[in-house]
Amino acid sequence: MTKQITQEELQKIVQSIPMLSASASQLLQVASQPDHDLMDIVNLVRNDAHLTARVLKIVNSAAFGLVNNIASIDRAVSYLGERVVVSIAIADCSSKVFEKELSGYESAGGVLWKHDLRTAIAAREVVIQSGADINSELAFTAGLLHDIGKALISDYLHGTVTDAIELLTAEEDLDYLDAEEKLAGFDHTRAGYELAKAWQLPDELAEVIRHHHEPSNAKEEFRALVYAVHLGDNIAMLGGFGTGSDSMRYKLDRKYTDYIDIGPKTLATIMLNVDIEFEKLEGSFHSSGEKN
Ligand SMILES: [Fe+2]
Ligand SMILES: [Fe+2]
């Protein structure tokens, strides 16, 4: 058995994670307000010279294949879309969290970012393809952050994979969240929620982090969004992009049909679109420089 994390230790772990940059934090606040527009995003990016440079570098990277370079930040933001700009801001200031090796899940560095990106894209596609009344850009951002708690508890789960699998085999009703709680004292949704509070994330994002494996427990006003990320998460794992030992070891909440209407044909379209979009975005984030 591993050492259980106490509430006090969890707070220390949370405090050891760097805060989001001011611009990333403000972008998340603005992006979760229903009445914002793209100019609000442009103005925030414009006030951050480093972020402006990153956004311009990425829009002009080979991954986007533009014929003519984009030099203005408002054009770059409208070309990339809010979700990509928010992702750049988050990735820049918390790359250590996303790129961390998840030894507790027997997963290499960078796998969490790939899973989160895949979930983000899938959650947005779920919203678009189903026509659900959910902000698709916000579903993307929420998908990107949903599993952040894994980076916090992973070290404490080191060496527990066999124990976790044994627990799940012995008791059919359990899922990986139960195993995490039994083995480390906290599951990744509770750990992530503590970080969400420390980062002062908007309520809807904190709610997704806390309830993405059991959306029916989310506040009613945010439940549809949480279901979108729940489906996005499952689609990411189904496509072979989990985070290691826990992949496909969670329950699917079938009540999603009350909020989101997708049939098998739509699911196939979503999976295809996720592949295409993932290639493009993954390439742009890791692009070593501008084209030519
Ligand atoms: Fe999760
Ligand atoms: Fe996940």
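**Exercise 1. Leucine 168**

Task: Determine whether leucine 168 is buried or exposed in this predicted model, and describe its surroundings.

Solution.
1. The relative accessibility of leucine 168 is 13%. The cut-off for a buried residue is under 20%, so leucine 168 counts as buried.
2. Leucine 168 belongs to helix α10, which covers residues 161–170.
3. Leaving out residues up to four places away in sequence, leucine 168 touches Leu174, Asp175, Tyr176, Ala179 and Arg249.
4. Histidine 211 is 43 residues from leucine 168 in sequence, and the two C-alpha atoms are 20 Å apart in space.

**Exercise 2. The iron ion (ligand 1)**

Task: Identify which residues coordinate the iron ion (ligand 1), and classify the arrangement of the donor atoms around this ion.

Solution.
1. The coordinating atoms come from Asp147 (OD), His188 (NE2), His212 (NE2) and His213 (NE2), at 2.1 to 2.2 Å.
2. Along the chain, these donors follow the spacing D-x40-H-x23-H-H.
3. The angles subtended by the four donor atoms at the iron ion (ligand 1) run from 87 to 178 degrees. For a tetrahedral assignment, all angles would have to lie between 85 and 135 degrees. The arrangement is classed as irregular because of its angles.
4. Two of the donors can be placed in the fold: histidine 188 lies in helix α12 (residues 188–198), and histidine 213 in the loop between α13 (203–211) and α14 (220–238). The pair therefore ties together parts that are 25 residues apart in sequence.
5. Histidine 188 and histidine 213 are both buried.

**Exercise 3. The iron ion (ligand 2)**

Task: Repeat the analysis for the iron ion (ligand 2) and its protein donors, then state how far apart the two iron ions are and which residue coordinates both.

Solution.
1. The protein donors are His115 (NE2), His146 (NE2), Asp147 (OD) and Asp233 (OD), and they lie 2.1 to 2.2 Å from the iron ion (ligand 2).
2. The four donor atoms subtend angles of 84 to 174 degrees, so this arrangement is irregular.
3. The sequence spacing of the donor residues is H-x30-H-D-x85-D.
4. Histidine 115 and histidine 146 link distant parts of the chain, being 31 residues apart. Histidine 115 sits in helix α7 (residues 111–130), while histidine 146 is in the loop between α8 (136–145) and α9 (149–153).
5. Both of these histidines, 115 and 146, are buried.
6. The distance between the iron ion (ligand 2) and the iron ion (ligand 1) is 3.7 Å. Aspartate 147 coordinates both ions.

**Exercise 4. Positive phi outside glycine**

Task: Describe the location and exposure of glutamate 106 and of methionine 248, given that each has a positive phi.

Solution.
1. As background, most residues other than glycine have a negative phi.
2. Glutamate 106 has a phi of about 50 degrees. Glutamate 106 is located in the loop between α6 (82–98) and α7. With a relative accessible area of 60%, glutamate 106 is exposed.
3. Methionine 248 has a phi near 65 degrees. Methionine 248 is in the loop between α14 and α15 (264–285). Its relative accessible area is 44%, so methionine 248 is partly exposed.

**Exercise 5. Annotated spans**

Task: Give the extent and helix content of the spans that UniProt lists as "domain: HDOD" and "domain: HD".

Solution.
1. The unreviewed UniProt entry lists "domain: HDOD" for residues 17–215. This span is 65% helix and 0% strand, with its end C-alpha atoms 26 Å apart.
2. The annotation "domain: HD", also from an unreviewed UniProt entry, covers residues 112–238. Here the helix content is 72% and the strand content 0%, and the end C-alpha atoms lie 15 Å apart.

**Exercise 6. The whole chain**

Task: Characterise the overall fold of the protein chain and compare its radius of gyration with that of a compact globule.

Solution.
1. The chain contains 15 helices and zero strands.
2. A compact globule of 292 residues would have a radius of gyration near 19 Å, and the protein chain has 19 Å, so the two agree.
3. The C-alpha trace spans about 60 × 45 × 35 Å along its principal axes.
4. Of the 292 residues, 55% count as buried.
5. Among contacts with a separation of 6 or more, 70% are between residues 24 or more positions apart.
6. The accessible surface of the chain is about 12800 Å², and carbon and sulfur atoms account for 48% of this area.

Methods:
Residues are numbered from 1 along each chain as its sequence is written. Chains are lettered from A and ligands numbered from 1 in the order in which they are written. This is a predicted model: local features need pLDDT of at least 70, side-chain atom pairs count only at pLDDT 80 or more; totals for chains, interfaces and linings use all residues. Side-chain values use heavy atoms; hydrogens and water are left out. Donors are N, O and S atoms within 2.8 Å of the metal (3.2 Å for Na, K and Ca); water is not among the atoms, so sites may look incomplete. Four donors count as tetrahedral if all angles lie between 85 and 135 degrees; four count as square planar and six as octahedral if opposite donors are over 155 degrees apart and all others between 65 and 115; anything else is irregular. Helices (H or I, at least four residues) and strands (E, at least two) are DSSP runs, numbered from the N terminus. Buried means under 20% relative accessible area, exposed over 50%, partly exposed in between (1.4 Å probe, protein chains only). UniProt positions are given in the numbering used here, feature names are shortened, and annotations may be inferred rather than shown by experiment. The radius of gyration is taken over C-alpha atoms; the globule rule is 2.2 Å times the number of residues to the power 0.38. Contact means heavy atoms within 4.5 Å. Accessible areas come from the Shrake-Rupley method with a 1.4 Å probe; for residues, only the protein chains shown count as cover.
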